[in-house]
Amino acid sequence: MKALIYIALIVGLVPIQAVLLPHISLWGVKPDLGFVVVCLIGLIGGELDGLLMGLVLGWAMSLFSAQDPFSAAMMKGAVGFMAGLAGRQVVYLSPIVLVMGLLLVSFLVGLVTPFALKLSVEQDLWWAVWTVVLPQACLDAVIGGAVYWLMWSRLNIEQWVSEYRV
């Protein structure tokens, strides 16, 4: 059952991110749904699930963007693995704590791109932080918090964690 859910997420998420989100972006910034899903899978499913889903989702999503497939897979895999490690240490995860954690991690991951690119004089690091990195981190945190809140309020998260964690 878990494998079917993961396959459905991969098959469904890549077209949504590549086709639908560019048309509904807010102020030219679109959330990274792969990042949010990998974090939630890492938190709920554990380190191995987060790592493997991060590698696959990072690679698959990079095929429809200008991002390097290897670096995208490694970045999302590392995020999923770290989320799994963090999920193992947290006894009770409220949606507010999850939103703050997603905001911080998404901001740190988003900082990699301005450092990797050679930005022009007009588009320096501060411009990238205020116009792209911070809004995208806020969108990622809000979407991740909303999904987690829905799962938390509608489903029994503790039962999910005990069933899906190895």
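This section describes the nonpolar core, one buried glycine, the cysteines and a nonpolar surface patch in a predicted model.

The largest nonpolar core contains 25 residues, of which Leu13, Phe35, Met53, Leu57, Leu98 and Leu102 touch the most other members. At least two residues of this core are supplied by each of helix H1 (2-20), helix H2 (33-45), helix H3 (47-62), H4, H5 and helix H7 (125-154). H2 provides the largest share, with 9 residues. When residues up to four places away in sequence are not counted, Leu98 touches Leu40, Leu43, Leu93, Gly144, Gly145 and Tyr148. Leu98 thus appears both among the core residues that touch the most other members and in a set of contacts that includes two glycines, Gly144 and Gly145.

Gly34 is located in helix H2. Its relative accessibility is 0%, so Gly34 counts as buried, the cut-off for that class being under 20%. Apart from neighbours within four places in sequence, Gly34 is in contact with Leu13, Gln17, Leu57, Met61 and Lys76. Among these partners, Leu13 and Leu57 are also listed with the core residues that touch the most other members. With respect to Leu155, which lies 121 residues away along the chain, the C-alpha separation of Gly34 is 22 Å.

No disulfide was found: a search of the whole structure gives 0. Cys39 takes part in none, and the nearest cysteine sulfur, which belongs to Cys138, is 15 Å away. For Cys138, the closest cysteine sulfur is that of Cys39, and the 15 Å between them is too far for a bond, because a disulfide requires the two sulfur atoms to be within 2.5 Å. The two cysteines also fall into separate accessibility classes. Cys39 has a relative accessibility of 5% and therefore counts as buried, whereas Cys138, with a relative accessible area of 37%, is partly exposed.

On the surface, a nonpolar patch is formed by Val91, Tyr92, Trp149, Leu150 and Trp152, which together have about 590 Å² of accessible area. Val91, one of the patch residues, lies in the loop that runs between helix H4 (69-89) and helix H5 (95-110). The relative accessibility of Val91 is 86%, so this residue counts as exposed, the class being set at over 50%.

Conventions
Residues are numbered from 1 along each chain as its sequence is written. This is a predicted model: local features need pLDDT of at least 70, side-chain atom pairs count only at pLDDT 80 or more; totals for chains, interfaces and linings use all residues. Side-chain values use heavy atoms; hydrogens and water are left out. Patches are made of residues with over 30% relative accessible area and no salt bridge: like charges are joined within 9 Å, nonpolar side chains (Val, Leu, Ile, Met, Phe, Trp, Tyr) within 5 Å. Accessible areas come from the Shrake-Rupley method with a 1.4 Å probe; for residues, only the protein chains shown count as cover. A salt bridge is a side-chain nitrogen of Lys or Arg within 4 Å of a carboxyl oxygen of Asp or Glu. Helices (H or I, at least four residues) and strands (E, at least two) are DSSP runs, numbered from the N terminus. Buried means under 20% relative accessible area, exposed over 50%, partly exposed in between (1.4 Å probe, protein chains only). A nonpolar core is a set of buried Ala, Val, Leu, Ile, Met, Phe, Trp, Tyr and Cys residues joined through side-chain atoms within 4.5 Å. Contact means heavy atoms within 4.5 Å.
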